[in-house]
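Please look through the structure below, first for its nonpolar interior and then for its charged pairs.

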Amino acid sequence: MGALLGSQWMEDGTADEIVAEIQDEILARGKMAADRLGPALRPPGDPRCPHLWLPMAELEAERMAARAMRAGVELTAPSAPLIDASSISGVRLCLGMATDRAQLGVALDRIVTALDAGRTEVAATVI
């Protein structure tokens with residue numbers, strides 16, 4: 001049944017419409033993230049990418065992931081098995097996990113707060 005439905009959607013254009021809607025949503029979510037996170041965010045190679053990268057030193061990335069987790073937002077830290085921490089360091093944001101843009105906005109605001117807390121910790125250590 002699933003193959004039949006999928007085949008029908010490909011033939012009648014429904015599949016293309018669904019893909020276009022998903023891409024539009026990812027573009028909108030990516031813009032939300034870029035607007036809130038600014039220069040902390042490394043732009044993706046393709047703006048339709050549902051994952052974004054916040055580059056930072058490995059220890060700071062682990063701390064950032066912990067601060068975000070305490071705020072109720074799960075980020076992928078560099079110690080995750082999908083990321084080789086020896087070649088790249090930072091945290092990964094998945095824009096598709098939020099059920100809607102309002103929920104994503106709350107999560108992004110919490111990430112900004114966690115980033116600011118990290119900058120405050122670093123500044124306090126330097127002084």
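The paragraphs that follow treat the core and then the salt bridges.

This is a predicted model, in which local features need pLDDT of at least 70, side-chain atom pairs count only at pLDDT 80 or more, and totals for chains, interfaces and linings use all residues. Residues are numbered from 1 along each chain as its sequence is written, and side-chain values use heavy atoms, with hydrogens and water left out.

The largest nonpolar core (buried Ala, Val, Leu, Ile, Met, Phe, Trp, Tyr and Cys residues joined through side-chain atoms within 4.5 Å) has 25 residues, among which L37, L54 and I111 touch the most other members. At least two core residues come from each of α2 (14–37), β1 (51–55), α3 (58–70), β2 (90–94) and α4 (101–126), these helices (H or I, at least four residues) and strands (E, at least two) being DSSP runs numbered from the N terminus. Helix α4 supplies the largest share, 6 residues.

The structure also holds 6 salt bridges, each a side-chain nitrogen of Lys or Arg within 4 Å of a carboxyl oxygen of Asp or Glu. In one of them E25 pairs with R29, with the closest N and O atoms 2.8 Å apart; the two are 4 residues apart in helix α2 and thus separated by about one helical turn. R29 is buried at 6% relative accessible area, whereas E25 is partly exposed at 24% (buried is under 20%, exposed over 50%, partly exposed in between, with a 1.4 Å probe and protein chains only).

E25 also meets R101 in a salt bridge, 2.7 Å from N to O, and because E25 lies in helix α2 and R101 in helix α4, this pair ties together parts 76 residues apart in sequence.
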